[in-house]
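Reader: I should like to learn how the features of a protein model are read. May we go through them one at a time, with the general idea before the particular case?

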Amino acid sequence: MTACLDLAAEHGWTREEHKWRLLLTAGQGLGIDAPDRPGTLLATLVLTSYGETHRCIGMVLVAARFARRGVGRHLMRHALDSCGAAAVFLTATANGRPLYEQLGFAPVGTVTTLRGTFTGAAPAPAPAGTVLRAATAADIPAILAYDRPVFGADRTELLTRLPAFADQILVAHAPGGRLTGYAAAWPNETTTVIGPALADDQPTARALVASLAAGAPMPVRFDVDPRHPGLADWLRANGLTGDYVCTLMVRGAPDLPGDIDRRFAPLSVALG
């Protein structure tokens with residue numbers, strides 16, 4: 001774990017121990033030991049499996065002193081060889097995108113990272129009759145059942161760890177008790193990250209996000225997809241700013257799985 005954090009810090013990333021711990025528990029960490037510095041890592045990659053059909057690659061890092069020597073390509077090929085026929089997706093920075101394109105990934109969208117203190121200046125009332133409440137252990141089966149068609153793949157291994165990982169998990173229920181969405185907020189060094197956020201419609205998603213953000217102990221981070229018109233504008237009206245854009249990329253499928261109309265935020269950019 002320390003070696004992963006050190007390599008991330010070398011690239012200017014914060015030491016996201018909480019996120020690394022989840023990723024390495026729910027997924028498979030791949031690393032190459034540094035030949036010139038015993039006890040350190042030359043490169044890292046985390047591969048997360050979603051059932052038999054999909055894989056997500058994240059946390060791809062190579063020590064700067066070994067850049068442009070094919071190390072990242074070698075590690076990516078090793079990971080891709082283990083994926084078999086499964087579709088693979090990732091979130092690419094501008095620096096990483098050329099390599100991923102060479103390896104057969106195609107761009108299918110973007111996400112923009114917004115951060116800031118959530119002001120609540122632009123209200124987000126839930127649809128009439130919708131009830132928001134804190135999730136309990138008894139809600140996990142319903143959350144898993146809701147998540148599967150919306151995300152488009154089986155995230156059981158990841159989501160069953162969500163109660164221990166997140167500070168808050170909220171569920172939304174329509175009159176009669178039907179689950180219409182859920183969202184979580186989790187700590188990440190200097191921000192409270194909101195995600196996943198899945199809901200039947202944008203008003204429900206906004207209400208979930210607003211409730212989580214209002215109780216956040218740190219500035220909020222939200223990774224917004226432009227395929228949800230108005231969501232970024234609403235977040236900016238509530239104090240969040242930013243223009244850091246990453247590219248969503250897929251290999252072995254025409255697009256990301258699931259229902260984009262109901263998927264408003266991933267668990268994290270690195271987790272897809």
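Reader: How many disulfides does the count come to?

Author: A disulfide is a covalent bond between the sulfur atoms of two cysteines. In this predicted model, the count comes to zero disulfides.

Reader: Why is C56 without a bond to the closest cysteine sulfur?

Author: The reason is distance: the closest cysteine sulfur, in C83, is 10 Å from that of C56, which is too far for a bond, since a disulfide needs the two sulfur atoms within 2.5 Å. C246 is likewise in no disulfide, the nearest cysteine sulfur being that of C56, 12 Å away.

Reader: Are C56 and C246 buried or exposed?

Author: C56 counts as buried because its relative accessibility is 1%. C246 also counts as buried, at 6% relative accessibility.

Reader: Let us turn to helices. Which residues of helix α1 are buried?

Author: An α-helix has 3.6 residues a turn, so residues three or four places apart point the same way. Helix α1 spans residues 2-10, and its buried residues are A3, C4, L5, L7 and A8. These buried residues pack against α2 (17-26), β2 (41-50) and β3 (54-62). Just after α1, G12 takes a positive phi of about 85 degrees.

Reader: Which residues have the most contacts inside the largest nonpolar core?

Author: That core has 35 residues, and those with the most contacts inside it are W20, L45, I57, M76, L90, Y100 and F105. Two or more residues come from each of α1, α2, β2, β3, α3 (71-81), β4 (87-92) and α4 (97-102). The element that gives the most to this core is β2, with six residues. Another core, of 29 residues, lies apart from it and includes C56, L159, A166 and A184.

Reader: What is W20 in contact with, leaving aside its neighbours within four places in sequence?

Author: With those neighbours left aside, the contacts of W20 are M1, C4, L5, A8, T44, V46, M59 and L61.

Reader: Where is A79 placed, and is A79 buried or exposed?

Author: A79 belongs to helix α3. A79 is buried, since its relative accessible area is 0%. Not counting residues up to four places away in sequence, A79 touches L30, L45, L47 and I57.

Reader: What separates the C-alpha atoms of A79 and G104?

Author: A distance along the chain and a distance in space are read separately. A79 and G104 are 25 residues apart along the chain, and their C-alpha atoms are separated by 13 Å.

Methods: Residues are numbered from 1 along each chain as its sequence is written. This is a predicted model: local features need pLDDT of at least 70, side-chain atom pairs count only at pLDDT 80 or more; totals for chains, interfaces and linings use all residues. Side-chain values use heavy atoms; hydrogens and water are left out. Buried means under 20% relative accessible area, exposed over 50%, partly exposed in between (1.4 Å probe, protein chains only). Helices (H or I, at least four residues) and strands (E, at least two) are DSSP runs, numbered from the N terminus. Contact means heavy atoms within 4.5 Å. A nonpolar core is a set of buried Ala, Val, Leu, Ile, Met, Phe, Trp, Tyr and Cys residues joined through side-chain atoms within 4.5 Å.
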